[in-house]
Amino acid sequence: MELSRRNFLAGLAAAGIGTAGMGLMACSPSGSSADSSQKQSDTKADADTPSTSGADWLGAEPEIDDANVESEEECDVVVVGLGNAGVMAYRSAAEQGANVVAIEKAESYTATGGAFALIGGSMSERWNRADLDKEEVINRHMSECGYYVKRSIIRRYVYEVGDVFDWIIEPLSDLYIADTARDDIPDGHENNLIPDSYPLPDWYDYHDETCPTFPTSVGFGSLQIAHGEQIAAAEATGNAKAYYGHFAEKLIKDGGAIAGIYVRNAESGKYKKIACKSVVLATGDYSSDKTMLEAFAPETIKNEVPAMWIHTDVEGNNTNRGDGHRMGTWAGAAMQEHHAPMIHHMGGGADISGVGVMGINGYLNLNLDGQRFMNEDVPGQQVENQIEMQPQRTTYQFFDSAWPEQCGQFPPGHGNVNYCQSADEAPKNNPGATYNTRSLEFIEECVAQGSCLKADSIDELLAQIDGMNVEAAKASIDHYNEICAAGIDTDFGKDSRRLWALENPPYYACAFKPAIMLVCVGGLESDEECHVYDSERNIIPGLYVAGNVQGNRFAVNYPISLKGLSVGMAQFYGYVAGKNAATGK
């Protein structure tokens, strides 16, 4: 749900978890809120998950007796899942004139995230982003994913997403479009678009960064509201209807092609047997299913990475359980290799809202051995990867009272704090500004809550850190201060523009631990037309995928060069899947 994080708060509200109930979760001691959420997620995930591991994730395909079928019907296209990808497939197929049935196991359609990686189209032109080098963007994505993804998938997205985004926002009524990232949003305009980091600072050039984030992202003020209008547009065609509280459980094949699907009605316990020409699987990821994590991302279990999910089905279980992965595999689909957990760190003390104490600003970071271990001036996914390799998977970020003047010199991107403003000064009703703005009052509240340590001397600060090798840490800080004075990082190559000595009391320290995993991205082998492939790399006729069940988009890492690419790809390829499923392409 980007899994970016924008709109998670809106999603929490939709799920009945208000922001008031969350309190100051972002200021709570690091790990506390995440640990609680993990226990809740584990409870739901383990309720009906066998205690198996490795290859046992798949289980047996259900056998459905015709005596348990309460009704039969026919349509052209079945869309399974009405989240970020499914709502677009639903509308896209319906607008092609297909008779479409959507299946959703929750009480309603859902929305996750909100940041969208936009390249081209009318909105990019509005915010002066039309001159981005598309091939450079594609090459960066391929590199970050270790060349384990299909270039054709990212290339089609980069070259065509602008026009599809114009299609996406077409039915949105009363849409307020902000001129800059720091605009106040008028009251009553939850349905809005806000450009991320626009205009860029005069000094900033992403080519100068170690790990650049391209200036592409736009944020939906409420993706939930926007999805409702997509659903309405689909059903206004007269070709579409949705069944909520229904569980898609088994694909029907005729020869080698998909011919229908069995769907369980949660209320009656009986099945609908729906004959169709095509099925679009848009069921999301599987990070609430531990057997799948053990099989495809065992490092997340080993490193005790907390997971959180806000959507539940009508039976009380988390919705991201890998349903589409299993149905597709039972039907002969192949699973991609090298899955990509999305764990971009947002700083110490951060929870699902994505607001850490001082973000992942590239200040000095020491492990519990008192040693510096990385170039700290990198984005959140890279920070997470390094933390997982440290003793007790715990490190500390150190900064001093000069942070309000320094934060404006960090690059705009995943997790950085770029502005120091009080609540009265910060943009109003602007969720995007929350993530990169801090105030003096906020930091002091974090100190009071215990997620940030503060002292008038380095000795006093280090004495507060449990398990820290104090003498080694003092030596590391002295050495770092010498590096800053020289202006050249001979140890890790940090950008000299962000070499600031710890010399302005009071001093602060914030614990970094493994961050929350938003989703684990890996799916059925696919292509830029949303086809699904079997183990012999043959297309399975009639089967399409979009969203996190679509494979070959991300691998190894969730890349940070395109902020909002998860939501963007889900919606873009939802459009493609729906159109192709309707036309048989």
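A residue is called buried when its relative accessible area is under 20%, exposed when over 50%, and partly exposed in between, with a 1.4 Å probe and protein chains only. Y558, at a relative accessible area of 0%, is therefore buried. The model described here is predicted: local features need pLDDT of at least 70, side-chain atom pairs count only at pLDDT 80 or more, and totals for chains, interfaces and linings use all residues. Residues are numbered from 1 along each chain as its sequence is written, and side-chain values use heavy atoms, with hydrogens and water left out.

**Aromatic pairs and the surroundings of helix 18**

Rings of Phe, Tyr and Trp (its six-membered ring) are paired if their centres lie within 6.5 Å; planes under 30 degrees apart count as stacked, over 60 as edge-to-face and the rest as tilted. By this criterion the structure holds 16 aromatic pairs. One of them joins Y157 to F572 in an edge-to-face arrangement, with 5.4 Å from centre to centre and 80° between the planes. Helices and strands are DSSP runs (H or I of at least four residues for helices, E of at least two for strands), numbered from the N terminus. Because Y157 belongs to helix 7 (residues 151-169) and F572 to helix 18 (residues 565-583), this pair ties together parts that are 415 residues apart in sequence. Y157 and F572 are both buried.

A further pair is formed by F554 and Y558, whose ring centres are 5.2 Å apart and whose planes stand at 55°, so the pair is tilted. F554 counts as buried at 1% relative accessibility. Ring pairs also link Y363, F399, F410, W500 and Y508 into a cluster.

Residues of both pairs recur around L565, which is found in helix 18 and is buried with a relative accessible area of 1%. Contact here means heavy atoms within 4.5 Å. Not counting residues up to four places away in sequence, L565 touches A117, H141, I154, Y157, F554, Y558 and P559. L565 and G551 are 14 residues apart along the chain, and their C-alpha atoms are separated by 14 Å.

**Packing of helix 4 against helix 8**

Two packed helices are described by the angle between their axes and the distance between the axes. Axes are lines fitted to C-alpha atoms, for helices over the stretch in contact, and angles run from 0 to 180 degrees between N-to-C directions. The axes of helix 4 (residues 86-95) and helix 8 (residues 223-236) come within 8 Å and cross at roughly 25°. The two helices are therefore roughly parallel to each other, a term for angles under 35 degrees (over 145 is roughly antiparallel, 65 to 115 roughly perpendicular and the rest oblique).

On the helix 4 side, V87, M88, Y90, R91 and A94 take part; they meet H227, Q230, I231, A233, A234 and E235 of helix 8. Sorted by class, this contact has seven nonpolar, two polar and two charged residues. Here Ala, Val, Leu, Ile, Met, Phe, Trp, Tyr, Cys and Pro count as nonpolar, Asp, Glu, Lys and Arg as charged, and the others, Gly among them, as polar.

Helix 4 is mostly covered, as nine of its 10 residues are buried. Those buried residues are G86, V87, M88, A89, Y90, R91, S92, A93 and A94. Just after helix 4, G97 takes a positive phi of about 95°.

**Backbone features in loops**

The table lists cis peptide bonds and positive phi values in residues other than glycine.

| Residue | Feature | Loop |
|---|---|---|
| P199 | cis peptide bond with Y198, omega about -5° | between strand 6 (192-195) and strand 7 (217-220) |
| P506 | cis peptide bond with P505, omega about 0° | between helix 17 (470-486) and strand 19 (507-512) |
| D174 | positive phi near 50° | between helix 7 and strand 5 (176-177) |
| N429 | positive phi near 55° | between strand 16 (419-420) and helix 14 (431-435) |

D174 counts as exposed at 54% relative accessibility, and N429 is partly exposed, with a relative accessible area of 42%.

**The environment of C520**

C520 lies in strand 20 (residues 519-521) and is buried, its relative accessible area being 0%. Leaving aside neighbours within four places in sequence, C520 is in contact with D285, Y286, S287, L293, A297, A340 and P341. C520 and A426 are 94 residues apart in sequence and 34 Å apart in space, C-alpha to C-alpha.
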